[in-house]
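These are my notebook entries on a single structure. I set out to look up its core, its helices and its aromatic contacts.

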Amino acid sequence: MSGHSEALMQLMAQTQGVTTLFLENVVREVDIGVHDHEFGAPQRLQFDIYVMLSGVPEPSADEIGEVLDYEYLISALDETLEIQERAVLLETLANRLLDRILEP
């Protein structure tokens, strides 16, 4: 397999009734890291966000408010990076982002 997208596409082919949304290659400067030299020295991080929802009914209308959309994922990412205190670990940042995405 060449990447996450291909692996997810294969998984989706085996699963019925799944709604998916991919947001790939979003780059942000993030102050993160455990080492002294990393504090105050933002690093370029690339975010690939893959959301799969099962059991979600079809939208009742062809309107943006009826679906999980890319703008929501981007705002969830940016809000997580702006609002939360500085994360030391990438895993902590990923968990915070996941919590934010799953709020609705």
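Which residues have the most contacts inside the largest nonpolar core? I worked from a predicted model, and I found F47, I49, L73, L93, L97 and I101 in that role, within a core of 17 residues. I then asked which elements supply it: β1, β2, α2 (70–83) and α3 (90–102) each give at least two residues of this core. As background I noted that, in soluble globular proteins, nonpolar side chains tend to be buried together.

**Entry: overall layout.** I counted three helices and two strands in the protein chain. Read from the N terminus on, the elements run α-β-β-α-α. I recorded that 25% of the 104 residues of the protein chain count as buried. I also looked up the contacts between residues at least 6 apart in sequence, and 56% of these join residues at least 24 apart.

**Entry: F47.** I listed the contacts of this core residue, setting aside its neighbours within four places in sequence. F47 touches L23, E24, N25, V26, R28, V30, L77, L81, L93 and L97. Of these partners, I followed up N25, which is placed in strand β1. N25 has a positive phi of about 60° although it is not a glycine. Is N25 buried or exposed? Its relative accessibility is 52%, and N25 therefore counts as exposed, the cut-off being over 50%.

**Entry: helix α2.** I checked the length of α2 against expectation. Its 14 residues should span 20 Å at 1.5 Å a residue, and its end C-alpha atoms are 20 Å apart, which agrees. Next I looked up its buried residues, which are Y72, L73, A76, L77 and T80. They lie on the same side of α2, because they cover an arc of only 135° around the axis. I noted the general point that an α-helix has 3.6 residues a turn, so residues three or four places apart point the same way. What do the buried residues of α2 pack against? I found β1, β2 and α3 as their partners. On the face turned away from this buried side, I noted the exposed residues E71, E82 and I83.

**Entry: helix α3.** I repeated the check on α3. This helix has 13 residues and reaches 18 Å from its first C-alpha to its last, close to the 18 Å expected at 1.5 Å a residue. Its buried residues are L93, R96, L97, R100 and I101. Viewed down the axis of α3, they fall within an arc of 135°, so they line one face of the helix. I recorded that these buried residues pack against β1, β2 and α2. E91, D99 and L102 are exposed on the other side of α3.

**Entry: aromatic rings.** How many aromatic pairs does the structure hold? I found one aromatic pair. The ring centres of F22 and Y50 are 5.1 Å apart and the planes stand at 75°, so I entered the pair as edge-to-face. The pair links distant parts of the chain, with F22 in strand β1 (residues 18–30) and Y50 in strand β2 (residues 43–54), 28 residues apart. Y50 has a relative accessible area of 24% and is partly exposed. Last, I looked for a charge over a ring, and R86 lies over the face of F39, at 3.8 Å from the ring centre.

Methods. Residues are numbered from 1 along each chain as its sequence is written. This is a predicted model: local features need pLDDT of at least 70, side-chain atom pairs count only at pLDDT 80 or more; totals for chains, interfaces and linings use all residues. Side-chain values use heavy atoms; hydrogens and water are left out. Rings of Phe, Tyr and Trp (its six-membered ring) pair if their centres lie within 6.5 Å; planes under 30 degrees apart count as stacked, over 60 as edge-to-face and the rest as tilted. Helices (H or I, at least four residues) and strands (E, at least two) are DSSP runs, numbered from the N terminus. Buried means under 20% relative accessible area, exposed over 50%, partly exposed in between (1.4 Å probe, protein chains only). A charge sits over a ring if NZ of Lys or CZ of Arg is within 6 Å of the ring centre and within 35 degrees of the ring normal. A nonpolar core is a set of buried Ala, Val, Leu, Ile, Met, Phe, Trp, Tyr and Cys residues joined through side-chain atoms within 4.5 Å. Contact means heavy atoms within 4.5 Å. The expected span of a helix is 1.5 Å times one less than its number of residues. The arc is that of the directions from the helix axis to the C-beta atoms.
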